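I opened this notebook to keep track of what I look up in the model, entry by entry. I begin with the overall make-up and then work inward and back out to the surface.

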Amino acid sequence: IVADSAAINIDYVPSIVPKLEPLESDLDILFCVNVSNAKNRYDNSIVDPATITHVGLKGQNSVLGAWAGDWSLADTTDGLLLMLNDSGINGDKIAGDNVWSRTVTFPAGSVGGPCLYKYSIYYPGGENYENFDNEMQPGNDHYVFIKIGGVTELNDIFGVPSVNGVPVSIEENTEKRIMLS
């Protein structure tokens, strides 16, 4: 942008990345989330990992439920919420370590490119809140870039935004408005 003979560089956040061509072959991604220090986003209370009965996964890609449903366990019957496990099966490496996991297959033909997703934890008393969309405030999500030859394992921390399984910090918004006439 140039105005009044001054060049102004603007960094756009977040970066916008176009969707890629559909996947040419199946892609397996292992979703792992550590719930050891999980907090409920509604009241910031710490959740005892020993009381967690289920961990769900939902995202914008149709394979992850396309954000449909209401974050209830009933969403699992329609594939709108995927259940992870901490029992050493389906990709989970160590049973009982508070890292819940699930291998998800994105079949050939699935849309490639960036995908938002979040986790949810189910535990006694959690049903007293609005719903089980209890990981992070809206807009603070995890991202994975879906492509053949890309990331195949995500190691997330419950409540900490990430890109391809690597935690990212949430910075204070220091946006400045520029008025051009």
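**Entry 1: overall make-up**

I counted the secondary structure elements first and found zero helices and eleven strands in the protein, bearing in mind that this is a predicted model. Reading from the N terminus on, I wrote the order down as β-β-β-β-β-β-β-β-β-β-β. I then looked up the burial and noted that 37% of the 181 residues count as buried. The exposed area of the protein comes to about 10,600 Å², and carbon and sulfur atoms supply 52% of that area. For the contacts with a separation of 6 or more, I recorded that residues 24 or more positions apart account for 65%.

**Entry 2: the cores**

Which residues touch the most other members of the largest nonpolar core? I found them to be Phe31 and Phe106, in a core that has 28 residues. I checked which strands supply at least two residues each to this core, and my list holds E3 (27–34), E4 (54–59), E6 (99–106), E7 (113–122) and E8 (142–146). I also looked up a second core, separate from this one, which has five residues, among them Trp71, Met83, Tyr122 and Phe132.

I next went through the neighbours of Phe31, leaving out residues up to four places away in sequence, and noted contacts with Leu57, Leu64, Leu84 and Leu154, with the aromatic residues Trp100, Phe106, Tyr117 and Tyr119, and with Ser101, Arg102 and Val104.

**Entry 3: strand E4**

Is E4 mostly covered or mostly exposed? I found that five of the six residues of E4 are buried, which leaves the strand mostly covered. I then traced the pairing of E4 with E7, which is antiparallel and spans six bridges, and within it I saw Leu57 standing opposite Tyr119 of E7. Both Leu57 and Tyr119 had already appeared in my list of residues touched by Phe31. With strand E5 (residues 82–83), E4 also runs antiparallel, and here two bridges join the strands. I noted that Gly56 has Met83 of E5 as its bridge partner, and that Met83 is also listed in the second core.

**Entry 4: a patch on the surface**

I turned last to the surface, where Tyr143, Val163 and Val168 form a nonpolar patch with about 210 Å² of accessible area together. I placed Val163 in strand E10 (residues 162–163). Is Val163 buried or exposed? I recorded Val163 as partly exposed, because its relative accessible area is 40%, and partly exposed covers the range between under 20% for buried and over 50% for exposed.

Methods:
Residues are numbered from 1 along each chain as its sequence is written. This is a predicted model: local features need pLDDT of at least 70, side-chain atom pairs count only at pLDDT 80 or more; totals for chains, interfaces and linings use all residues. Side-chain values use heavy atoms; hydrogens and water are left out. A nonpolar core is a set of buried Ala, Val, Leu, Ile, Met, Phe, Trp, Tyr and Cys residues joined through side-chain atoms within 4.5 Å. Buried means under 20% relative accessible area, exposed over 50%, partly exposed in between (1.4 Å probe, protein chains only). Helices (H or I, at least four residues) and strands (E, at least two) are DSSP runs, numbered from the N terminus. Contact means heavy atoms within 4.5 Å. Accessible areas come from the Shrake-Rupley method with a 1.4 Å probe; for residues, only the protein chains shown count as cover. Two strands pair if DSSP finds at least two bridges between them. Patches are made of residues with over 30% relative accessible area and no salt bridge: like charges are joined within 9 Å, nonpolar side chains (Val, Leu, Ile, Met, Phe, Trp, Tyr) within 5 Å. A salt bridge is a side-chain nitrogen of Lys or Arg within 4 Å of a carboxyl oxygen of Asp or Glu.
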